[in-house]
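User: I would like to go through this structure step by step. Please give a short reason with each answer.

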Amino acid sequence: MTSSLLPRSVGQAHQARHLLAVPGDVTVDEVEVLATSRFTATRWDVTPAGILPGDVTSAPQGPRAKGGAPGVLRVSRHATLTGPYAPQGDGFDLGLPTGTAMVFDVICHRERGEPPFSIGDRDGIGRAFAGGLPEREEGRLVTWLVAVARRLGGSLRVDVGGLWSAGASSGGTGPRPGTGVVLTPDADVAVDMSVYSSVWLEPEAALATVRPLHSRTRLATEGREWGGPPAGIADRPLYPGEKMDPRRRKEIHAAADDFDVAALQGPQVLHGYGLLIDLDVDGIVAVEVAGEEHLPPVLRGLPWTADGAVRYRVHWEPPDQVEANREQPGLEHRIARKRAAELVARIAGRLQDAVGGEIADEDEFLVDPADL
């Protein structure tokens, strides 16, 4: 199935080439599922061995590859993943980490924008594309490749066109510029999770669901009684030098008071609320509850999401944002992140037990509750 060697040259001068490398415990259909989770137009132009005909979880399938030939998975009009290949190049070194078992050759239009404002970021994309960040279709594809490598424990080698471009291999004018930087995203950086459900928990019910997991859980809607505006405010100028007629000023304030009283006496419609958990030196975990119309692609079109869904977003706010966005943060941050991630996973699991639905990670890939 992975006997084919990666060819030296593919594509054309206007195209970019990236390599997705995954370990031996990953199957081809896992890559396919993650593609359909992000790109709704995903289909097999050529179906590789190992993908069962008529599999209802698969993307639409084209003609089957012969023997051990690779398949071609199209994720958009101009972007394809060809593979799987063996972790070897046809006469050259792939430069990928040890432990790589399968390689997918990713081709898309080369679309680059401005250089990053700073080189540092948690996934290393700014470091890999220091000359100009990928944007539009290539930007979406690279972001997805990073998410896939993070989810599957793999790596990617980006912008390898400069190493093995078609022009260089065919005696042309030379290789197109490229970095060939290897990125191995840290799975631990993706802490946040969301539960999507058709069930709305009232604030007190959500508090009762989450509080047993941490004693500092509180409703973010808790506040203090308000006694109304300060006395005599209707007699004061709106701003220094204001010349409004005093009687007209009082009429405006009275009308505003009537509006506020009517609003307070009317039915209270709650569109969203939050829970907060103070983790002291580890930061804050927030549970944000609201209706959501923008759903992960894999959940769109289901009977219970036709009109959107309720989203229970469990978010960790680290104590140091600068450290959180470093590609290699310090030990103190990593310890805090690990403790927070364990709590986030427990909360997501408890909420899913209460309201059903699906759990998604912050890359919008679905998570099996059993894996929490």
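User: In which strand is the place of His-18?
Analyst: The model is a predicted one, and its residues are numbered from 1 along the chain. Within that numbering, residues 15–22 form a strand that includes His-18. The strand is S1.

User: Is His-18 buried or exposed?
Analyst: A residue counts as buried when its relative accessible area is under 20%. The value for His-18 is 0%. Therefore His-18 is buried.

User: Which residue has a side chain joined to that of His-18 by a polar contact of 3.0 Å?
Analyst: A polar contact needs a pair of N or O atoms within 3.5 Å. At 3.0 Å, the contact from the side chain of His-18 leads to the side chain of Glu-138.

User: Which residue has its backbone nitrogen 2.8 Å from a polar atom of the His-18 side chain?
Analyst: Here the partner of the His-18 side chain is a backbone atom, a nitrogen. That nitrogen belongs to Asp-159.

User: Where is the place of Asp-159, and what is its phi near?
Analyst: Asp-159 sits in the loop between strand S6 (155–157) and helix H4 (161–164). Most residues other than glycine have a negative phi. Asp-159 is a residue other than glycine with a positive phi, near 55°.

User: Is Asp-159 buried or exposed?
Analyst: The limit for a buried residue is under 20% relative accessible area. Asp-159 has 3% relative accessibility, so Asp-159 counts as buried.

User: Asp-280 has a positive phi too, near 60°. Is Asp-280 buried or exposed?
Analyst: The place of Asp-280 is in the loop between strand S10 (272–278) and strand S11 (284–292). Exposed means over 50% relative accessible area. Asp-280 has 54%, so Asp-280 is exposed.

User: Which two residues does a cis peptide bond join?
Analyst: Most peptide bonds are trans. In this chain there is a cis peptide bond with omega about 5°. Its second residue, Pro-84, is in strand S4 (residues 79–85). The bond joins Gly-83 and Pro-84.

User: What distance separates the C-alpha atoms of Arg-77 and Glu-137?
Analyst: Arg-77 is in the loop between strand S3 (71–76) and S4, and at 72% relative accessibility Arg-77 counts as exposed. Along the chain, Arg-77 and Glu-137 are 60 residues apart. Their C-alpha atoms are separated by 9.7 Å.

User: How many of the 17 residues of H3 are buried?
Analyst: At 1.5 Å a residue, H3 should span 24 Å, and its end C-alpha atoms are 24 Å apart, which agrees. After H3 comes Gly-153, with a positive phi near 70°. H3 is largely enclosed by the rest of the structure, because its buried residues number 13 of the 17.

User: How far apart are the end C-alpha atoms of helix H9?
Analyst: Helix H9 covers residues 331–355, which is 25 residues. H9 is followed by Gly-356, whose phi is positive, near 75°. At 1.5 Å a residue the helix should span 36 Å, and this agrees with the distance between its end C-alpha atoms, 36 Å.

User: Which element gives the most residues to the lining of the largest pocket?
Analyst: The largest pocket holds about 570 Å³ of space. It is lined by 18 residues, and those closest to its centre are Ala-187, Asp-188, Ala-190, Met-193 and Asp-361. Helix H3 (136–152) and H9 are the elements that give two or more residues to this lining. The most, 6 residues, come from H9.

User: How many residues in the lining of the largest pocket are charged?
Analyst: The lining can be divided by class. It has 8 nonpolar residues and no polar ones, and the charged residues number 10.

User: Which element has the largest share of the lining of the second largest pocket?
Analyst: The second largest pocket has a volume of about 270 Å³. Two or more residues of its lining come from each of helix H1 (28–38), H3 and strand S14 (366–367). By class, the lining has 6 nonpolar, 2 polar and 4 charged residues. The largest share, 5 residues, is that of H1.

User: What percentage of the residues in the chain is buried?
Analyst: The chain has 372 residues, with 9 helices and 14 strands. Buried residues make up 43%.

Conventions
Predicted model: local features only at pLDDT ≥ 70, side-chain atom pairs only at ≥ 80, totals over all residues. Heavy atoms only, no water. Helix = DSSP H or I, 4+ residues; strand = E, 2+ residues; numbered from the N terminus. Buried < 20%, exposed > 50% of the residue type's maximum accessible area, 1.4 Å probe, protein only. Polar contact = N/O pair within 3.5 Å; in protein donor to acceptor, adjacent residues only side chain to side chain. Expected span 1.5 Å × (residues − 1). 1 Å grid on protein atoms, 1.4 Å probe; cavity = no way out; pocket = protein on both sides within 12 Å on 5 of 7 lines; lining within 4 Å. Points joined across faces, edges and corners; volume = space filled by probe spheres on them. Nonpolar A, V, L, I, M, F, W, Y, C, P; charged D, E, K, R; others polar.
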